[in-house]
Amino acid sequence: MSKMIDQLILALKKEQEIYDEIIVLSKEKQAAIVNNDLTEIQKIMEKEKTYSISLVKLEQIRSKMLSQLVKDYDLVEINALTDLYPFMTDHEVRNIDGIKTRLVNTVKILGQKNDLNRQLLEQSIEQIQFDLNLITTVGDGSVNYEHDANDTDVERKSIFDRKI
């Protein structure tokens, strides 16, 4: 059964490699967001999509392996990889533990980077909305002042409301 465990370890390692690549992409995306480089953001998102598809496929493979291990070891279910430890060698357990720890840390880092990128995008959207409001809110150029210097009857118009 060591062969099935070895394949499971390989799948987990491949998953870790993909997450490492996604972290690199998230750093690149952060720079692209800061620089307002929409073309680069789009390219990065396409790469992320490819990696996401690969992760889904790996998850399916891992799920099939775990299902086979449930049958092979006559288990009811596997809730965690630790459920398989009694059937593994010490080397396999150490290997799985190392990968598991690294995956957990990687996913945590990725979550933090995604939160930062989300915040940067929200700030960019707010800035765009502010700029758009500033551009589209235009006075008609005439201001009437009363004796106490208050403007009266000033009508604000959007350039989109004007006839051309």
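Buried residues account for 28% of the 164 residues in the chain, in what is a predicted model. The secondary structure consists of three helices and four strands, and from the N terminus on these elements follow the order α-α-α-β-β-β-β. Six salt bridges are counted in the model, and the largest pocket, with a volume of about 210 Å³, draws two or more lining residues from each of α1, α2 and α3.

**Overall figures**

- Of the contacts in the chain between residues at least 6 apart in sequence, 59% join residues that are at least 24 apart.
- The accessible surface of the chain comes to about 11,800 Å², and carbon and sulfur atoms hold 53% of that surface.

**Helices α1 and α3**

- Helix α1 covers residues 2–34, and because a rise of 1.5 Å a residue predicts a span of 48 Å for its 33 residues, the 48 Å between its end C-alpha atoms agrees with expectation.
- After α1 comes Asn36, a residue with a positive phi near 55°.
- Helix α3 covers residues 90–136, and its 47 residues reach 68 Å from the first C-alpha to the last, which is close to the 69 Å expected at 1.5 Å a residue.
- The buried residues of α3 include the hydrophobic side chains Val93, Ile96, Ile99, Leu103, Leu110 and Leu120, but Glu92, Thr106, Asn117, Ser124 and Thr136 are also on the list of buried positions.

**Salt bridges between α1 and α2**

- As a general point, side chains of opposite charge can pair when their charged atoms come close.
- Lys29 forms a salt bridge with Glu48, with the closest N and O atoms 2.9 Å apart; since Lys29 lies in helix α1 and Glu48 in helix α2, the pair ties together parts that are 19 residues apart in sequence.
- Both partners of this bridge, Lys29 and Glu48, are buried, and Lys29 counts as buried because its relative accessibility is 12%, which falls under the 20% cut-off.
- Beyond its neighbours within four places in sequence, Lys29 is in contact with Ile44, Met45, Glu48 and Asn117, and of these Asn117 is one of the buried residues of α3.
- Glu15 and Arg62 also meet through their side chains in a salt bridge, at 3.4 Å from N to O; this pair links distant parts of the chain, with Glu15 in helix α1 and Arg62 in helix α2 (residues 38–72), 47 residues apart.
- Glu15 and Arg62 are both buried.

**A salt bridge within α3, and a shared network**

- Glu122 forms a salt bridge with Arg118, the closest N and O atoms being 3.1 Å apart, and because the two residues are four apart in helix α3, about one helical turn separates them.
- Glu122 is partly exposed, because its relative accessibility of 40% lies between the 20% and 50% cut-offs, and Arg118 is likewise partly exposed, with a relative accessible area of 41%.
- Elsewhere, Glu15, Glu59 and Arg62 are joined into one network by salt bridges that share partners.

**The largest pocket**

- The lining of the largest pocket is made up of 15 residues, and those that lie nearest its centre are Leu12, Arg62, Leu81, Lys100 and Leu103.
- Helix α3 gives the most to this lining, with six residues.
- Arg62, one of the residues nearest the pocket centre, is also the partner of Glu15 in the salt bridge described above, while Leu103, another of those residues, is among the buried residues of α3.

**Approaches between α1 and α3**

- Lys27 has its place in helix α1 and is partly exposed, with a relative accessible area of 47%.
- The C-alpha atoms of Lys27 and Asn117 are 8.9 Å apart in space, although the two residues are 90 apart in sequence.
- Leu121 is found in helix α3 and is partly exposed, at a relative accessible area of 38%.
- A distance of 6.8 Å separates the C-alpha atoms of Leu121 and Ile33, which are 88 residues apart along the chain.

Definitions and conventions: Residues are numbered from 1 along each chain as its sequence is written. This is a predicted model: local features need pLDDT of at least 70, side-chain atom pairs count only at pLDDT 80 or more; totals for chains, interfaces and linings use all residues. Side-chain values use heavy atoms; hydrogens and water are left out. A salt bridge is a side-chain nitrogen of Lys or Arg within 4 Å of a carboxyl oxygen of Asp or Glu. Buried means under 20% relative accessible area, exposed over 50%, partly exposed in between (1.4 Å probe, protein chains only). The expected span of a helix is 1.5 Å times one less than its number of residues. Contact means heavy atoms within 4.5 Å. Accessible areas come from the Shrake-Rupley method with a 1.4 Å probe; for residues, only the protein chains shown count as cover. On a 1 Å grid over the protein atoms alone, a cavity is a set of points where a 1.4 Å probe fits but cannot get out, and a pocket is an open set with protein on both sides within 12 Å along at least five of seven lines; lining residues have an atom within 4 Å of a point. Grid points are joined across faces, edges and corners, and a volume is the space filled by probe spheres set on the points.
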